[in-house]
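I have the sequence and the model open side by side today. These are my notes from going through it.

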Amino acid sequence: MKKKHQLLFLPLFLLFFCISANSQDLVNSIKPGQIWPDNQGKHINAHGGGILYYNNTYYWFGESRLPKTEKDKSNYGVSCYSSKDLLNWKNEGLALRVINDTASLLLPGCVIERPKVIFNKKTGKFVMWFHHELKGQGYKAAMTGVAISDNITGPYKYIRSLRPNAGVWPKNFPEEFKKAKEGEESLKSWSKEWVEAVKEGLFVRRDFEGGQMARDMTLYVEKNGKAYHVHSSEENMTLHFSELADDYLDFTETYVRVLPGDSNEAPAIFFAKGKYYMFTSGTTGWKPNPGRLAVAPKLLGEWKTVGNPCRGTEDENKITFGSQSTHILPVEGKKNAFIYMGDRWIPDNLADSRHIWLPIEWEDGLPVIKWYKGWDITNLK
Ligand code: GAL
């Protein structure tokens with residue numbers, strides 16, 4: 001009798017096991033701040049990233065951070081994941097990896113942050129730009145790197161890193177800003193006079209010959225194919241919007257300063273309802289701070305700040321729901337559906353940093369974000 005029961009339960013148990021294993025494997029809603037397993041069950045290691053939609057597929061590029069336990073720094077670079085539904089992501093491996101060659105600036109141990117990939121219709125190539133800091137120099141180099149590939153998932157071939165716009169003044173830089181004022185180099189950082197001097201181009205002048213600093217960055221492609229490299233410059237005090245050449249591999253001589261002296265980082269730009277919107281953060285390193293929103297009629301300006309886009313409790317708004325913006329993703333096939341993508345950094349183990357994806361909602365004509373513990377992408381309008 002006992003044996004008979006056991007025999008009966010075995011298939012039932014197996015059936016239950018299969019069903020629960022399957023439903024666990026599939027991701028069916030966005031759960032901000034939770035572990036987000038990829039097709040191999042590992043947390044998606046694509047941080048400070050962005051998404052490119054190509055051939056009916058979303059490709060997510062981001063910082064592939066070394067797990068805390070991993071010592072081999074050569075297994076590092078930019079990761080790529082693909083998905084049709086934005087929920088279930090296949091690990092496509094490293095799209096760009098560091099180069100084990102002392103002659104290369106992309107040596108293991110360098111810093112690769114906030115990578116973004118765009119497709120160039122004219123050349124048929126995929127172009128990746130990323131914030132690049134050199135090995136052993138902390139965040140001093142403030143460069144941007146570029147790499148290219150025939151295939152979206154890579155491998156991307158590293159071309160070079162540079163500081164943009166050497167020897168070129170911004171388009172919106174008044175004549176009188178081009179000359180240094182006496183004693184300006186010795187002004188005390190963060191004094192009123194110093195902030196004023198920064199607004200009036202102190203660091204643009206300082207870096208005129210060597211090129212402008214480029215840290216937190218994003219890319220934006222206009223409908224007509226013109227692409228722009230947007231980055232925190234001037235010691236993170238001012239954003240620079242720089243036009244890219246037709247092949248997207250270099251800068252033209254056109255760039256503008258945006259929100260001078262306002263200390264914006266983590267730019268993420270989108271176009272909706274006839275206007276350009278930009279999410280940014282303040283500059284507190286890995287620690288989250290109050291999110292910021294700016295709006296402009298044209299990509300190159302005039303940008304106006306319109307406050308904090310978060311609609312949560314006071315404590316949540318102060319830290320942007322524990323996140324820092326990285327990209328605003330237009331959802332394909334829907335007119336005004338966008339997703340805010342942010343990072344909840346875990347500085348002690350960056351690979352474990354969490355993805356904070358929230359739907360963009362509209363309030364009084366402005367894009368806002370609210371907290372959801374879990375939400376369904378199919379509900380996006
Ligand atoms: C943040 C920046 C990150 C990373 C970090 C390092 O402000 O947004 O991308 O550079 O600083 O402290």
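The entries below follow the order in which I looked things up.

**Entry 1: confidence**

I'm working with a predicted model, so I checked the scores before anything else. The chain averages a pLDDT of 93, and 93% of the residues score at least 70. Residues 13–23 are the stretch I flagged, since the pLDDT there is below 50. I also looked for contacts from this stretch and found zero beyond near neighbours in sequence. Where pLDDT is low, the predicted coordinates should not be read in detail. I'm leaving residues 13–23 alone for the rest of these notes.

**Entry 2: around the ligand**

Which residues surround the ligand? I listed E113, R114, Y139, D216, E265, G285, W286 and Q324.

Then I went through polar distances to the ligand's oxygen atoms. For E113, a side-chain N or O atom sits 2.6 Å from a ligand oxygen. Q324 also uses a polar side-chain atom, at 3.0 Å from an oxygen of the ligand. With G285 it is a backbone N or O atom, 3.3 Å from a ligand oxygen. How much of the ligand does the protein bury? On its own the ligand exposes 310 Å², and the protein buries 89% of that.

R114 deserved a second look. I find R114 in strand 5, and its phi is positive, about 50°, although R114 is not a glycine. Most residues other than glycine have a negative phi, and most peptide bonds are trans. So R114 goes on my list twice, once as a ligand neighbour and once for its backbone angle.

**Entry 3: the sheet with strand 5**

Strand 5 led me on to its sheet. Four strands make an open sheet here, ordered 5-6-7-8, with antiparallel pairing. Why do strand 5 and strand 8 each have one side without a neighbour in the sheet? Strand 5 (111–120) and strand 8 (157–162) are at the edges, and each has a single partner strand, so one side of each stays unpaired in the sheet. Neighbouring strands in this sheet are turned by 20° against each other on average, direction ignored.

I followed one pair in detail. Strand 7, residues 143–149, is joined to strand 8 by five bridges, and the two run antiparallel. On that pair, V146 has R160 in strand 8 as its bridge partner. The loop between strand 7 and strand 8 holds P155. I checked the peptide bond from G154 to P155, and it is cis, with omega near 0°.

**Entry 4: the sheet with strand 1**

There is also an open sheet of four strands in the order 1-2-3-4, again with antiparallel pairing. Its edges are strand 1 (47–54) and strand 4 (90–97); each has a single partner strand, so one side of each is left without a neighbour in the sheet. From one strand to the next, the twist averages 25°.

Strand 3 (residues 77–83) runs antiparallel to strand 4, with five bridges joining them. I picked V78 and found L96 as its bridge partner in strand 4.

The loop between strand 2 (57–64) and strand 3 holds L66. What is L66 in contact with, leaving aside its neighbours within four places in sequence? I noted D72, K73, N75, Y76, N349 and A351. L66 and L350 are 284 residues apart in sequence, but their C-alpha atoms are 7.5 Å apart in space.

**Entry 5: a hairpin and one more cis bond**

Strand 11 (residues 238–244) pairs with strand 12 (residues 251–258) in the antiparallel sense, over five bridges. L244 faces F251 of strand 12. Six residues lie between the strands of this hairpin, and Y248 takes a positive phi near 65°.

Last check: the peptide bond joining G301 and E302 is cis, with omega about -15°. E302 sits in the loop between strand 15 (292–296) and strand 16 (304–305).

Note on methods: Residues are numbered from 1 along each chain as its sequence is written. This is a predicted model: local features need pLDDT of at least 70, side-chain atom pairs count only at pLDDT 80 or more; totals for chains, interfaces and linings use all residues. Side-chain values use heavy atoms; hydrogens and water are left out. Two strands pair if DSSP finds at least two bridges between them. Axes are lines fitted to C-alpha atoms, for helices over the stretch in contact, and angles run from 0 to 180 degrees between N-to-C directions. pLDDT is the predictor's confidence in each residue, from 0 to 100. Contact means heavy atoms within 4.5 Å. A residue is near a molecule or strand if one of its heavy atoms lies within 4 Å of it. A polar contact is a pair of N or O atoms within 3.5 Å; within protein, one must be able to donate a hydrogen and the other to accept it, and residues adjacent in sequence count only if both atoms are side-chain atoms. Accessible areas come from the Shrake-Rupley method with a 1.4 Å probe; for residues, only the protein chains shown count as cover.
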